Each structure stands twice: as structure tokens, then as C-alpha cells.
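Student: Could you pick one part of this structure and take me through it slowly? I'd like to know what it looks like and what packs around it.

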Amino acid sequence: MNTMLRKSVLGIAGLAFTGGVFAGPVAAHAAEPVNTTKPVAVSVQGAQSKIDLNDEQTANAKAIIAATKKAGLPERAAVISIATSLQESKLENLGHLGDKNDHDSLGLFQQRPSSGWGTPEQITDPEYSTLAFEKGLKQVDGWEKMPLTEAAQTVQVSAYPDAYAQWEQQAADIVAHNWNS
């Protein structure tokens, strides 16, 4: 092998070695798993409200989380669902309220049999009502990235469309605390 060819081969080998020394750590980090979990709360909007939950309300929040998991939806869906229920019923499974009732609204989400949400028995079943709400949520294009109050309002069609936002932080905290339990 002539001197010029040997120097060229050795030079290329040296560059390859040097590149490997410097690129090795970069490649090693690229192989590490990246945490792609999105934060539960996308962006909390406005002043936040919070209530202390009793055992029934806590059980209802856990039922919403369980139904969300059953539906194969992410934590964000549970946050939107719980915030919606906090606004609609304070996480209480409302039966007929007599004169205080808003039309024929029932359950955790104030769903109405007359609007096609289901029978009174179905609507007052926390799993059924959550799955019904989340079925509507899944039909909203881009719900995962939109503000909570917009996603909730698109499903609920409330007379108070901005009211859901005030519960986002508490809902996110509830989901963060209970998602893996």
C-alpha cells in the first residue's frame, strides 16, 4: 500500500474513531426512553374553585376515573370529566330534585333523559354517565388539546359555557392522586 493511500485510510479511520467518541454519548442518550406523558392540565384558565370532598364525592371521582380507564382514554379525559361533574353536580349523583331540578337533569353530569342521554337509571349510574359523556367528548375534534371549558361545553351545551374552567386544577389534582391507585 503506498504511503498516500495508507495516510488517507488512517485519516478516515481516525475521523471515524473521533466521531464515535463524540457521537457515542449522544447516541446513548437517544436510546434512553423519553417521557412523552403530557401534563394532565393543559393550561388552567382563570380563577380556580375548590371544594372539600366527602366520601360519596370521592367515590364518584374514582368511578369516573375507572370508567375513563375502561374506555381506554387518557388522564386528560378524566380531568375534563371530573371538572365537568364538579361544575354540574359537585360530584354528587343527583336524583330528581323536584322544583330545584333543571328540567329533567340527573346524575353526576346533569344529563337529561329527554335529550337522549339515557334512562334515569342509566344516567344515575356513574360508569354509564361517564362513558356517555366521554363518548360525546371523543366526537369533539382536538379535544385533547383544547381548553377544558371548551371541550366540556362542546359536549354539555351549558347555559354557563365558561364555568367548567374553574374546576380544572382540582380535577387535575384528583386524577393525579387517584389514576394509579
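**A close look at helix α2**

Tutor: Of the 181 residues in the protein chain, 36% are buried, where buried means under 20% relative accessible area, exposed means over 50%, and partly exposed lies in between (1.4 Å probe, protein chains only). Keep in mind that this is a predicted model: local features need pLDDT of at least 70 and side-chain atom pairs count only at pLDDT 80 or more, while totals for chains, interfaces and linings use all residues. Residues are numbered from 1 along each chain as its sequence is written, and side-chain values use heavy atoms, leaving out hydrogens and water.

The chain has seven helices and zero strands, with helices (H or I, at least four residues) and strands (E, at least two) being DSSP runs numbered from the N terminus. Let's zoom in on α2, which covers residues 55-70. With 16 residues at 1.5 Å a residue, α2 should span 22 Å, and its end C-alpha atoms are indeed 22 Å apart; the expected span is 1.5 Å times one less than the number of residues.

Now, which way does α2 face? Q57, N60, A61, I64, I65, A67 and T68 are its buried residues. Looking down the axis, you'd see them fall within an arc of 165°, so they line one face of the helix (the arc is that of the directions from the helix axis to the C-beta atoms). On the other side, D55 and K70 are exposed. After the helix comes G72, with a positive phi near 75°.

So what sits on top of that buried face? The cover includes α3 (75-89), α5 (126-138) and α7 (168-178), judged by contacts, meaning heavy atoms within 4.5 Å.

Take α3. This neighbour is mostly covered, with 12 of its 15 residues buried, among them A77, V79, I80 and I82. Its own cover includes α2, α5, α6 and α7. The length of α3 fits as well: 15 residues should span 21 Å, and the end C-alpha atoms are 21 Å apart. Just past its end, K90 has a positive phi of about 55°.

Then there's α7, whose buried residues include A171, A172, I174 and V175. The buried residues of α7 pack against α2, α3 and α6 (148-156).

Put these helices together and you reach the largest nonpolar core, which has 34 residues. By nonpolar core I mean a set of buried Ala, Val, Leu, Ile, Met, Phe, Trp, Tyr and Cys residues joined through side-chain atoms within 4.5 Å. I65 of α2 is one of the residues with the most contacts inside this core, and others on that list include I80, L137, W143 and V175. Each of α2, α3, α5, α6 and α7 supplies at least two residues, though α3 gives the most, with seven.

I80 shows how this looks from inside. Setting aside neighbours within four places in sequence, I80 is in contact with F133, L137, W143, L148, A151 and A152. Across the chain, 61% of the contacts with a separation of 6 or more link residues 24 or more positions apart.
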